[in-house]
Amino acid sequence: MTAPSRQAGAAPVTTTAPPDQIPPDRTAPGGTSPDDTSLSQFGYRQELHRSLGRYASFAAGFSFISVLTTVFQFFAVGYAFGGPVFFWTWPAVLVGQLLVAACFAELAARYPISGAIYQWSSRLSTPSFGWFAGWIMVTGQIVVVAAAALALQMVLPPLWSGFQFMGGDATPTSPTGAANAAVLGVVLLALTTLVNVVDNRVMSWINRVGVTAEIAGALLIVVLLLTHSERSPGITFHTGAAGQSGLLAAVLTGSLTAAYVLIGFDSAGEMSEETRHPRRTAPRTILTALGAAGLIGGLLVLGGILAAPSLTDGRLATEGLSYVLTSSLGDGVGRVLLADVAVAIAVATLAIQTAACRMLFSMARDGVLPGSRALSRVSPRTGMPTGPALVVGGLAAALLLLNFASPDAFLAIGTTCIVMLYLAYAMVTGPMLVRRLRGQYRGATTDGTDESGRPLFSLGRWGLPVNVLALLYGLFMTVNLAWPRAAVYDPAGGTWYLQWFTVLFVLLTVAAGAAFRWHRRSRAGARPEPAGSPA
């Protein structure tokens, strides 16, 4: 594979140093940071403001996962289809995602570039394959932004009935609840878009404060739920009413909750160009963000099952953890904790939108997207790419309109975004495995040093088995989540497009990408694309 050619918004490569190694942490000539000169080795110039420290990098990954947002949003779904036994899908999914995160940590140390999935896949395979990985990833991220914004419906109306602007039933799967969720989501997206335009220091500050509040609130909720337990942990070995469809079906379907929650840990890699000492920081924050979220989220799920007033009255399968908090802990404490969850949802939506913006920016900077010139423009004053923020916010808001068409769109949107991200992840771990098997993957050793002069993060001899398991897990979960189960995606019947929504959306995304590339190549006369350096 050839070295990067000069790209839109990028400076030519001015160094012959290998991309896996940079000088120790010291001021570079001209007063620039060695982090900035490191970026030039990949053919890019420093445009985004590099101001994020280790905790801010951790916050980027943790706030994308946002256990309070996602567990509150999808707990009811997991319980409805899996019963108490759905708890065990949590550690299973966490282990699988840690395998993927370990592979990503190796790549983050060697390629600290925005648009991580796109950049990594391009350098591990071909520019065309990497483009589709980035296209699928950014589309999935936009859908995740919409799904996260919908989560406000799970906490604001229970917090105060005045937030149910549409009147009627506030349950997200009811017509009035679904419509109200869209309204709340659009308001939230307007605010997060504004923050993503203002300044990256403001965005980082909100992220850090929000994550701190979320972790404190989540730990408090865990303690309160476990101290208000109504039953023993042994109940998690029962399927309850979900057992009518069989244990295997209950577990596979119930895994949707954990699969939805434990995504987005790669965001620390997405923010590499804004992170100080990214080769050392990003790999560690990718793993710590996922590990911390996995532990806290698992305890939240367990605590909710143990503290629920009833497992059979149907409310746990429709109202989820909001019902447990207000019923078991009392309205006063429950409402305070719900307010903390609302803050977590807002911060999560902001973080996810930021990650999608960086992916759009990275691809546009290479001139491979429609409107690349506008999408790759960075404000010198704020250090923020304004165009991507407006595009992501606008498209996510448009997706929320599906909630007006059908209450079941909530689940369809949520599942679709998971499948898109899982597929994009596999488009990195797959080429990575091929290179390992061919002996072409340099990350198999600890070659190169980070900004402090220490060896780069590496899995060493464990790299091959971890990579194999990560890919197999990712492909299995992609198929499991995309499977068009009528009971899950079209419970009322008669709306075939909802049952097949995820499959159709993925196919349409790929078809739209292929059509754009064909049109672009036909106009450019098959001009060669920028290519990354070999992994």
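The dialogue below walks through several features of a predicted model.

Colleague: Where should I begin with the chain as a whole, and how many helices and strands does it have?

Modeller: A useful start is the count of secondary-structure elements, and here the predicted chain has 22 helices and 0 strands. Burial comes next: of the 535 residues of the chain, 62% count as buried. The exposed area of the chain is about 19,200 Å², and carbon and sulfur atoms supply 68% of that area.

Colleague: What share of the contacts between residues at least 6 apart in sequence join residues at least 24 apart?

Modeller: Among those contacts in the chain, the share that join residues at least 24 apart is 82%. A single residue can illustrate how sequence and space are read together: proline 157 sits in helix α7, which covers residues 156-159, and its C-alpha is 9.3 Å from that of glycine 177, although the two are 20 residues apart in sequence. When neighbours within four places in sequence are left aside, the contacts of proline 157 are Leu152, Phe163, Gln164, Ala170, Asn180 and Leu184.

Colleague: Is proline 157 buried or exposed?

Modeller: The label follows from the relative accessible area, where buried means under 20%. Proline 157 has a value of 9%, and therefore counts as buried.

Colleague: How do I read a salt bridge, and how many does a search of the whole structure find?

Modeller: The search finds 7 salt bridges, and for each one it helps to ask which atoms meet, where the partners lie in the chain, and whether they are buried. Take arginine 365 and glutamate 273, whose closest N and O atoms are 2.8 Å apart. This pair links distant parts of the chain, with arginine 365 in helix α14 and glutamate 273 in the loop between α11 (267-270) and α12 (278-307), 92 residues apart. Arginine 365 is buried at 1% relative accessibility, and glutamate 273 is buried too, at 0%.

Colleague: Which residue meets glutamate 274 in a salt bridge?

Modeller: The partner is arginine 358, with an N to O distance of 2.7 Å. Glutamate 274 belongs to the loop between α11 and α12 while arginine 358 belongs to helix α14, and the two are 84 residues apart. Glutamate 274 counts as buried at 0% relative accessibility, and arginine 358 likewise counts as buried at 0%.

Colleague: Where do aspartate 450 and arginine 280 lie?

Modeller: Their side chains meet in a salt bridge of 3.1 Å, N to O. Aspartate 450 is in the loop between α18 (409-438) and α19, whereas arginine 280 is in helix α12, so the pair ties together parts that are 170 residues apart in sequence. Both aspartate 450 and arginine 280 are buried.

Colleague: Turning to the surface, which residues form the nonpolar patch?

Modeller: The patch is formed by Leu437, Leu464, Val468, Leu469 and Leu472, which together have about 450 Å² of accessible area. Helix α19 (residues 463-482) gives the most to this patch, with 4 residues. Leucine 469 is in helix α19, and its relative accessible area of 46% makes it partly exposed.

Colleague: Finally, how many cavities of 30 Å³ or more are there, and what lines the second largest cavity?

Modeller: The count comes to 5 cavities of 30 Å³ or more, and the second largest has a volume of about 70 Å³. Its lining residues include Leu52, Ala56, Met203, Asn207, Met271 and Thr354. At least two lining residues each come from α2 (54-65), α9 (200-227) and α14 (331-365).

Notes:
Residues numbered from 1 in each chain as written. Predicted model: local features only at pLDDT ≥ 70, side-chain atom pairs only at ≥ 80, totals over all residues. Heavy atoms only, no water. Buried < 20%, exposed > 50% of the residue type's maximum accessible area, 1.4 Å probe, protein only. Contact = heavy atoms within 4.5 Å. Patch = residues over 30% accessible without salt bridge, like charges linked within 9 Å, V, L, I, M, F, W, Y side chains within 5 Å. Areas by Shrake-Rupley, 256 points an atom, 1.4 Å probe, with all protein chains shown as cover. Salt bridge = Lys/Arg side-chain N within 4 Å of Asp/Glu carboxyl O. 1 Å grid on protein atoms, 1.4 Å probe; cavity = no way out; pocket = protein on both sides within 12 Å on 5 of 7 lines; lining within 4 Å. Points joined across faces, edges and corners; volume = space filled by probe spheres on them.
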